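Morning, everyone. I have one structure today, and I will keep to its interior. Please look at the screen.

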Amino acid sequence: MVTSRSTAAARPEGASLRRRGPVLERAILEATLEQLGSVGWNGLTMEGVAVGAQTGKAAVYRRWPSKEDLVADALQAGLPTLDEAPDRGGVREDLYALCLRVRDVMFSKPGQALRSVLHECDAESAERFHELIVKGVTEPSTRLFQGVLRRGIARGEVRADAIDDLVLDVVPALMMYRSKVCGSEWPDHEIADMVDRVMVPLIRIGKA
């Protein structure tokens with residue numbers, strides 16, 4: 001008797017699986033994120049995605065006529081939701097917990113895929129993803145940092161004028177720079193160091 005295991009073993013590498021509809025689409029989107037994380041935007045091809053999803057190239061092109069369309073849908077489907085600011089009882093603890101969450105998103109599969117798009121796309125292609133990045137990443141993370149700072153102001157820990165664009169850009173800018181340029185994976189102790197040596201002195205009462 002031929003079992004499913006022996007059938008899978010006999011299937012040539014890259015051969016199509018009999019999947020349709022949402023199941024096949026999820027496999028293609030997952031393969032797109034895998035490709036972005038491993039070969040980057042410039043190395044990603046529709047053919048490579050098809051092989052990764054174990055389907056035919058025509059199945060990819062029927063659903064997504066261009067690489068930009070495919071990547072946009074993969075990112076939109078894969079990006080995690082940032083929906084609530086942590087409340088640990090103090091601004092330092094809140095910032096630390098939020099930065100850990102941001103770090104985990106950055107190094108998730110969708111986060112790595114997004115970074116490859118941000119750093120490798122030309123201006124014309126990047127414009128295609130601008131709204132997605134703003135609505136899916138920039139605005140939600142900014143709201144969370146604003147929430148932490150407002151709570152700190154209400155507790156009397158944070159100066160009233162601490163919420164401005166420069167302050168809100170500090171953590172994302174540091175994390176992106178150290179990740180891309182220095183290759184840092186931001187272990188927990190570096191997150192704590194950033195919060196204690198940069199953010200807390202920047203926002204605390206008594207600092208101009």
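I will go through the nonpolar cores and then the cavity.

Keep in mind that this is a predicted model.

Start with the largest nonpolar core, which has 29 residues. Inside this core, the residues with the most contacts are Ile 28, Leu 70, Val 71, Leu 75, Val 117 and Phe 129. Which elements supply at least two residues each? They are α2 (21-43), α3 (46-52), α4 (57-63), α5 (67-78), α7 (109-120) and α8. Of these, α2 has the largest share, with eight residues.

Take Phe 129 as an example. Leaving aside residues up to four places away in sequence, Phe 129 touches Trp 41, Glu 68, Val 71, Ala 72, Leu 75, Val 117 and Cys 121.

There is also a second core, separate from that one, with 26 residues. Among them are Cys 99, Leu 168, Met 194 and Met 199. As background, nonpolar side chains in soluble globular proteins tend to be buried together.

Now the empty space. How many cavities of 30 Å³ or more are there? The count is one, and about 40 Å³ of space lies in the largest cavity. Its lining consists of Leu 95, Phe 145, Leu 149, Val 167, Leu 168, Val 171, Pro 172 and Met 199. Two or more lining residues come from each of α8 (123-155) and α9 (165-180), and α9 gives the most, four residues. By type, the lining has eight nonpolar residues, no polar and no charged.

Note two names that came up twice: Leu 168 and Met 199 belong to the second core and also line the largest cavity.

That is all from me.

How values were computed: Residues numbered from 1 in each chain as written. Predicted model: local features only at pLDDT ≥ 70, side-chain atom pairs only at ≥ 80, totals over all residues. Heavy atoms only, no water. 1 Å grid on protein atoms, 1.4 Å probe; cavity = no way out; pocket = protein on both sides within 12 Å on 5 of 7 lines; lining within 4 Å. Points joined across faces, edges and corners; volume = space filled by probe spheres on them. Nonpolar A, V, L, I, M, F, W, Y, C, P; charged D, E, K, R; others polar. Core = buried A, V, L, I, M, F, W, Y, C linked by side-chain atoms within 4.5 Å. Buried < 20%, exposed > 50% of the residue type's maximum accessible area, 1.4 Å probe, protein only. Contact = heavy atoms within 4.5 Å.
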